[in-house]
Amino acid sequence: MEAAMDLMRRMPPGSTETALNALLSLLPDHSLDLLSQVDLPLQVHMDKENNKEYILCEYNRDADSYRSPWSNIYEPPLEDGTVPSEEMRNLEVEANEVFSVYRDQYYEGGISSVYIWEDEDESFIACFLIKKDGQGKRGHMQIGSWDAIHVIQVAPEQEGIAHYCLNSTVMLSLTTDNKKSGTFNLSGSIRRQMSMTLAVADGHLVNMGKMIEEMEGKLRNSLDQVLASHKFLERSRTSASTCKCIYPRTTHGCGCRSTLGRPGKWFAHFGHHQKYLT
């Protein structure tokens, strides 16, 4: 199992599914461990009832069906599919609406989904997903994809304080095509973990959002260090209004900057304004 996971960590995201299927056939006794520990590139499905796309993953799957965060209905239909409680569903609906605005302002497009469900001992788990694809030449990039998976376990609140444990994975793939470097493909994934104990005065959603925003900044900086070492990623200075790359808008590789203020402050501003709306 250790050798299998070591192999999967070295696979490019585009080959992960093929490699995983091969390992499942070779190691059937470790199927559950492999499926729970290996992150695959995110796939998208359409919620026909709401005409909105949502992301498929293991966290909204039951048997061979996937639950839409917009309708709370499984596709294909599943009569006894697992659904969150009313309290968790209300938080899930709000999280999808807020995270959609965050994703649109930082990524200028893409797709996001949030899934929340109860865990043991009155705690709960939330999964925040973002998928952004880029096609067509922008600077030196011809094709690219950014898949972000953020899973947060929230412990029961005690005296107005809760403990949060965040596990994040980003899968990045870039293909360039220009006269200087020719065709080049770079892909890989990075994982990080973060734990915090925070006051719940502004709500769980604000706290989780702050952690994700901070984590995405750290992951982005780590990837920048790798990408900056390759000559093909000479930064093309495009304006923020025309940028269509796969990176978030906050001082990333294409040179554009977010109009939202300092990086990592979006959910802090959201929590501040929320006080006056409630």
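# Exercises on a predicted model

Buried residues account for 45% of the 278 residues in the chain. The structure is a predicted model, and its secondary structure comes to six helices and 10 strands. The accessible surface of the chain is about 15000 Å², with 49% of that belonging to carbon and sulfur atoms.

## Exercise 1: the nonpolar cores

Find the largest nonpolar core, state which elements give two or more residues to it, and describe the surroundings of Phe128.

Solution.

Step 1. The largest nonpolar core has 35 residues. Those with the most contacts inside this core are Phe99, Ile116, Phe128, Ile152, Tyr164 and Met208.

Step 2. Two helices and five strands are to be listed here by name: α4 (86-107) and α5 (204-227), together with β6 (111-118), β7 (124-138), β8 (141-154), β9 (161-178) and β10 (182-199), give two or more residues each. The most comes from α4, with eight residues.

Step 3. Take Phe128 and set aside its neighbours within four places in sequence. The contacts of Phe128 then include Ala95, Phe99, Ser113 and Val114. Also in contact with Phe128 are Ala148, Ile149, His150 and Ile152, as well as Leu205, Met208 and Ile212.

Step 4. Another core, of 14 residues, lies apart from the largest one. Among its members are Leu56, Ile125, Ile149 and Val151.

Step 5. For background, nonpolar side chains in soluble globular proteins tend to be buried together.

## Exercise 2: the cysteines

How many disulfides does a search of the whole structure find, and why is Cys57 not bonded to the closest cysteine sulfur?

Solution.

Step 1. The search of the whole structure finds zero disulfides.

Step 2. A pair of cysteine sulfur atoms has to lie within 2.5 Å to count as a disulfide.

Step 3. For Cys57 the closest cysteine sulfur is that of Cys127, at 4.6 Å, which is too far for a bond.

Step 4. Check the burial of two cysteines. Cys57 has a relative accessible area of 12% and is buried. Cys165 is buried as well, with a relative accessible area of 19%; the cut-off for buried is under 20%.

## Exercise 3: the salt bridges

Give the number of salt bridges in the whole structure, then work through the pairs that involve Glu92 and Lys131.

Solution.

Step 1. A search of the whole structure finds seven salt bridges.

Step 2. Glu92 pairs with Arg67 through their side chains, at 2.8 Å from N to O. This pair links distant parts of the chain, with Glu92 in helix α4 and Arg67 in strand β4 (residues 65-67), 25 residues apart. Glu92 counts as buried at 0% relative accessibility, and Arg67 counts as buried at 4%.

Step 3. Lys131 forms a salt bridge with Asp133, at 3.9 Å from N to O. The cut-off for a salt bridge is 4 Å, so this pair at 3.9 Å is counted. Lys131 is buried, at a relative accessible area of 12%, whereas Asp133 is partly exposed, at 45%.

Step 4. Lys131 also meets Asp147, where the closest N and O atoms are 3.2 Å apart. Here too distant parts of the chain are linked: Asp147 lies in strand β8 and Lys131 in strand β7, 16 residues apart. Asp147 counts as buried, at 3% relative accessibility.

Step 5. Elsewhere, Glu58, Arg61 and Asp64 are joined into one network by salt bridges that share partners.

Definitions and conventions:
Residues are numbered from 1 along each chain as its sequence is written. This is a predicted model: local features need pLDDT of at least 70, side-chain atom pairs count only at pLDDT 80 or more; totals for chains, interfaces and linings use all residues. Side-chain values use heavy atoms; hydrogens and water are left out. A nonpolar core is a set of buried Ala, Val, Leu, Ile, Met, Phe, Trp, Tyr and Cys residues joined through side-chain atoms within 4.5 Å. Buried means under 20% relative accessible area, exposed over 50%, partly exposed in between (1.4 Å probe, protein chains only). Helices (H or I, at least four residues) and strands (E, at least two) are DSSP runs, numbered from the N terminus. Contact means heavy atoms within 4.5 Å. Accessible areas come from the Shrake-Rupley method with a 1.4 Å probe; for residues, only the protein chains shown count as cover.
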